[in-house]
Amino acid sequence: SKSLSKIYYATKTNRNTNVYNNCNETRLVIYGTNLGFTLGYPKYRKYLRSIDVIPSYLMPMLIGILLSDGTLSIEKRHKVGNARFRFKQSIIHFSYFLSVYLKLGHFCSRGFRPKIDIVQGKSYLQTEFVTRALPCFTYLRHLFYPNGIKIVPTFIYDYLTWETLAHWIACDGTYRSGVVLQTESFSIEDKVLLINMLILKFGFECSIHKQGKKHVIYITAKSIKKNLHHILPHLHESMHYKVLGPKAKLL
């Protein structure tokens with residue numbers, strides 16, 4: 001069967017495409033505004049990998065996703081190598097997933113693919129994309145996984161914006177009058193650090209709540225309602241129900 005991603009390719013590419021086909025361009029542009037898709041391009045040489053960096057305007061989104069469902073990994077067969085960014089979502093959140101893929105597709109050598117995950121004997125249809133292995137992602141991996149386990153690096157305070165929060169909520173938020181951020185995988189110390197950042201950056205009323213045997217962060221309904229005009233412009237329409245409640249869920 002055809003990959004879902006073939007339906008959404010913005011442009012057709014082939015493996016004979018010349019990576020340097022814009023070398024005669026002389027206009028000055030802000031880096032990142034002219035990044036196109038590189039699907040099917042040949043394997044990057046070392047020089048190309050070294051100059052392919054993440055535009056600053058994409059960092060808030062990337063940080064928000066890395067605080068939740070995004071991961072940075074190095075293939076086990078490579079003792080020394082660069083990291084890849086991976087992002088996976090349930091098929092029911094495909095429209096949000098696609099919006100992220102279209103922003104990060106430049107870093108991918110192939111399109112997204114459907115994937116079946118089996119959890120407690122049940123099958124779930126997911127969709128996932130994986131970027132090229134690049135130094136720019138390796139740098140982030142060293143910060144987020146200093147000992148192989150994901151932590152909350154302090155540098156993200158500078159990138160914690162309303163857009164960052166919107167993507168964090170889209171991936172790991174649960175509506176409970178206020179919003180629960182599913183931070184079970186982080187240590188208590190990291191949760192406290194995140195709460196301090198949320199208070200200092202946004203003035204939120206938030207606390208750590210116990211959920212089962214683990215702990216999550218809860219942002220009060222008052223804080224969410226007071227700041228909807230900041231959050232909603234950055235939150236994908238299909239995810240509005242995560243701050244507005246089930247009645248806002250799109251069919």
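Me: Buried means under 20% relative accessible area, exposed means over 50%, and partly exposed lies in between (1.4 Å probe, protein chains only). Why is helix 2 (residues 59-66) described as largely enclosed by the rest of the structure?

Reply: This is a predicted model, in which local features need pLDDT of at least 70 and side-chain atom pairs count only at pLDDT 80 or more, whereas totals for chains, interfaces and linings use all residues. Residues are numbered from 1 along each chain as its sequence is written, and side-chain values use heavy atoms, with hydrogens and water left out. Helix 2 is called largely enclosed because 8 of its 8 residues are buried, namely Met59, Pro60, Met61, Leu62, Ile63, Gly64, Ile65 and Leu66. Helices (H or I, at least four residues) and strands (E, at least two) are DSSP runs, numbered from the N terminus.

Me: What covers the buried residues of helix 2?

Reply: The cover includes strand 1 (71-73) and strand 2 (84-90), together with helix 3 (94-104), helix 4 (135-144) and helix 5.

Me: How do you know whether Met61 in helix 2 is buried or exposed?

Reply: Met61, which sits in helix 2, has a relative accessible area of 1%, and since buried requires a value under 20%, Met61 is therefore buried. Its surroundings can be listed as well: with neighbours within four places in sequence left aside, Met61 is in contact (heavy atoms within 4.5 Å) with Val100, Lys103, Leu104, Glu163 and His167. The C-alpha atom of Met61 is also separated by 9.0 Å from that of Tyr159, although these two residues stand 98 places apart along the chain.

Me: What makes helix 5 (residues 162-172) count as largely enclosed?

Reply: The description follows from a count, because 10 of the 11 residues of helix 5 are buried. Those that fall under the cut-off are Trp162, Thr164, Leu165, Ala166, His167, Trp168, Ile169, Ala170, Cys171 and Asp172. For the protein as a whole, with its 9 helices and 8 strands, buried residues make up 45% of the 251 residues.

Me: Why is Ile149 given its class, buried or exposed?

Reply: Ile149 belongs to the loop between helix 4 and helix 5. Its relative accessible area is 59%, so Ile149 passes the limit and is exposed. Between the C-alpha atoms of Ile149 and Phe186 the distance is 9.2 Å, with 37 residues separating the two in sequence. Within the whole protein, 66% of the contacts between residues at least 6 apart in sequence join residues at least 24 apart.

Me: How do you know that strand 3 (residues 113-119) and strand 4 pair?

Reply: Two strands pair if DSSP finds at least two bridges between them, and strand 3 and strand 4 are joined, in the antiparallel sense, over 7 bridges, so the criterion is met. One position along this pairing is Lys115, which stands opposite Gln126 in strand 4. The hairpin has 2 residues between the strands, and within it Gln120 takes a positive phi near 50°.

Me: Why do Gln126 and Leu125 receive the classes they have?

Reply: Leu125 lies in strand 4 (residues 122-130), and Gln126 is found in strand 4 as well. Leu125 has a relative accessibility of 39%, so it counts as partly exposed, whereas Gln126, at 14%, is therefore buried. Apart from neighbours within four places in sequence, the residues in contact with Gln126 are Lys88, Gln89, Ser90, Ile91, Arg113, Pro114, Lys115 and Asp117.

Me: How many bridges join strand 7 (residues 206-211) to strand 8 (residues 214-219)?

Reply: These antiparallel strands are joined by 6 bridges, and His209 has Val216 in strand 8 as its bridge partner. The two strands form a hairpin with 2 residues between them, where Gly212 in the turn shows a positive phi of about 70°.

Me: Why is Ser177 classed as it is, and what is its phi?

Reply: Ser177 occupies the loop between strand 5 (173-176) and strand 6 (178-181). Its relative accessible area of 43% is neither under the buried limit nor over the exposed one, so Ser177 is partly exposed. Although Ser177 is not a glycine, its phi is positive, at about 70°.
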